Amino acid sequence: MIRKFAWATVATLSMLGPIATTAQAQVGPPPPTPEQLDQLESLFRIGVTLGLAGGGTLTDSYGLDIANDGQDFLNPQRLRERYGAQYNDLLPVSGVIDFRGLPIYGFYDTNSSVFRISIPALDAEGETYQNRFNGVTRQASYDLFNEYLDDVDSAEAERLVRLLLKSLARYSPVDPLAGNPNSVQGGLIRSSLDLSSGDSAIEQAANGGTNTAGDPWIVGANYSGGSSDGGRYDFMRVDGRIARSFRLSEGGRALLKFDLPVSYSEVNGARAATAQFGVGVEFPLIAQRWSLEPRIGYGITGSDQLGSLGHMISTTVASRYVLDGLGRGRLIIGNMVGYTSTMSTGFTGYNVNPGLKNWAFRNGLAYDLPLKFRGFGRNTSVRASYALTNYTGDKLYYNTFHEMTLSLGIRGREESARNARDLIRLNFNLIKAGDYTSWSAGLGFRF
């Protein structure tokens, strides 16, 4: 199993070896650069340059959307199948796989059976990781590399896998674990200060608020789509959520909140799944206008097709302040500070924790307005919110993202104060981060 995730994490994941500050000299034509593969809109871009028997070179490129398919990009057997007699075991070959934005290079030099691997600028110091596999033939050398991929239980291999996963959060705009708004990391932070739903303790008032005491369940579902990196990555996502809150004391306003979001996503057809759990306590303060909510969150993801495996914990404190009397509605001001950290994956038998640690800051506004028209015979409301999220700490692909939400609420019948709240909310959401754009639509129910 770990090999699946190891190769899926990066086509060469555990094949890396000791650190070297300079790349070894290449003998033969250089491989295509990642920029030369820009015309390929694939998760994994592959470029190969062959030295030809009559002189000159042949350059080829192709794309893949499943991580496991890229493992053999310089396997001599595959080279013969793809290029026929144009491939020769004595002539130089160089190749690159752009693994969701992270370039990995492989080489066979002239008259050499040695298979070399190089990953430049993998860490903060800009060092290059390299390894050599020296067999009697090129196929034997590649087989040694293949065996090394299977043997990922050494401390060195685990360390390099961890660094590779950490690099993907920095180089890939669609990593499921971290570095973008729809990652596990992004989900934990967004859930810690969600201004779109109106289910905070200081908004749960019977006299026209969006919620009331005693709501037993909140369930919802969203469908999302989007793209990033100029259209190279297209993604879709289905989210489900179950939440419940409890009063901590009879007649009190403090809420104990439980939240369980799950999601299924696809990036260029490659599948990933995530699950999260959050628990927090919201304490209303200062005339029920201001509240503080400390919260702990946990999230996990796995995808052999995208090349990701990991889990993460978050600790956050969110603040909300309500200003009434602004027109017919109310303004909610939200601020949050939090910390996220990836965790050991010892449950797999291997610790490939990338060691990502980030501080997160999220600030925003929401305006909630009761409407004059009725829908389905009931009162309605509209809510607009905006939030800005910033990260510090380890490098991420997106350190900042903007989130805007518009929702329409349909309230209960007015026969009881308990029903003076939104039973159904229709939500529309837009997230923007650099060249990353995500939109979503969904429904939420309270019962």
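## A salt bridge at Asp324

Let's start with Asp324, which comes out as partly exposed because its relative accessibility is 42%, and partly exposed means between 20% and 50%. Bear in mind that this is a predicted model. The side chain of Asp324 meets that of Arg289 in a salt bridge, with N and O 3.4 Å apart. That pair links distant parts of the chain, 35 residues apart: Arg289 sits in the loop between E11 and E12, while Asp324 belongs to strand E13 (residues 308-326). Arg289 is partly exposed too, with a relative accessible area of 32%.

## More charged pairs

Side chains of opposite charge can pair when their charged atoms come close. How many salt bridges does the structure hold? The count is 23. One of them joins Glu293 and Lys257, N to O at 3.3 Å. Glu293 is in strand E12 (residues 290-303) and Lys257 is in strand E10, so this pair ties together parts that are 36 residues apart in sequence. Are these two buried or exposed? Glu293 has a relative accessible area of 2%, so it counts as buried, and Lys257 is buried as well, at 11%.

Further along, Asp368 forms a salt bridge with Arg383, and their closest N and O atoms are 3.3 Å apart. Here Asp368 comes from strand E15 (residues 357-375) and Arg383 from strand E16 (residues 378-393), so the pair ties together parts 15 residues apart in sequence. Asp368 is buried, with 3% relative accessible area, and so is Arg383, with 2%. There's also a network of salt bridges, which links Asp38, Arg45, Asp98 and Arg232.

## The second largest cavity

Rolling a probe the size of a water molecule over the atoms shows where empty space is left. In this model there are 6 cavities of 30 Å³ or more. The second largest of these has about 150 Å³ of space. Its lining is made of 16 residues, and Val174, Asn182, Arg237, Ser265 and Val267 are the closest to the centre.

Which strands each supply at least two residues of that lining? They are E9 (233-247), E10 (255-267) and E11 (270-285). By residue type, the lining has 8 nonpolar, 5 polar and 3 charged members.

## Arg237, a charged residue by the cavity

Arg237 is among the residues closest to the centre of the second largest cavity, and its place is in strand E9. With a relative accessibility of 9%, under the 20% cut-off, Arg237 counts as buried.

What does the Arg237 side chain reach at 2.6 Å? That would be the backbone oxygen of Asn182. The Arg237 side chain also makes a polar contact with the side chain of Ser263, at 3.5 Å. Leaving aside residues up to four places away in sequence, Arg237 touches a set that includes Asn222, Tyr223, Ser224, Tyr264, Ser265 and Thr274.

## Gln276 in strand E11

Gln276 is in strand E11 and is buried, at 7% relative accessibility. Which backbone nitrogen lies 3.4 Å from a polar atom of the Gln276 side chain? It belongs to Leu188.

Beyond four places away in sequence, the residues Gln276 touches include Val184, Gly187, Leu188 and Ser191, along with Asp259, Leu260 and Pro261, plus Tyr298 and Gly299. As for Gln185, its C-alpha atom is separated from that of Gln276 by 10.0 Å, with their positions 91 residues apart along the chain.

Notes. Residues are numbered from 1 along each chain as its sequence is written. This is a predicted model: local features need pLDDT of at least 70, side-chain atom pairs count only at pLDDT 80 or more; totals for chains, interfaces and linings use all residues. Side-chain values use heavy atoms; hydrogens and water are left out. On a 1 Å grid over the protein atoms alone, a cavity is a set of points where a 1.4 Å probe fits but cannot get out, and a pocket is an open set with protein on both sides within 12 Å along at least five of seven lines; lining residues have an atom within 4 Å of a point. Grid points are joined across faces, edges and corners, and a volume is the space filled by probe spheres set on the points. Helices (H or I, at least four residues) and strands (E, at least two) are DSSP runs, numbered from the N terminus. Ala, Val, Leu, Ile, Met, Phe, Trp, Tyr, Cys and Pro count as nonpolar, Asp, Glu, Lys and Arg as charged, and the others, Gly among them, as polar. Buried means under 20% relative accessible area, exposed over 50%, partly exposed in between (1.4 Å probe, protein chains only). Contact means heavy atoms within 4.5 Å. A polar contact is a pair of N or O atoms within 3.5 Å; within protein, one must be able to donate a hydrogen and the other to accept it, and residues adjacent in sequence count only if both atoms are side-chain atoms. A salt bridge is a side-chain nitrogen of Lys or Arg within 4 Å of a carboxyl oxygen of Asp or Glu.
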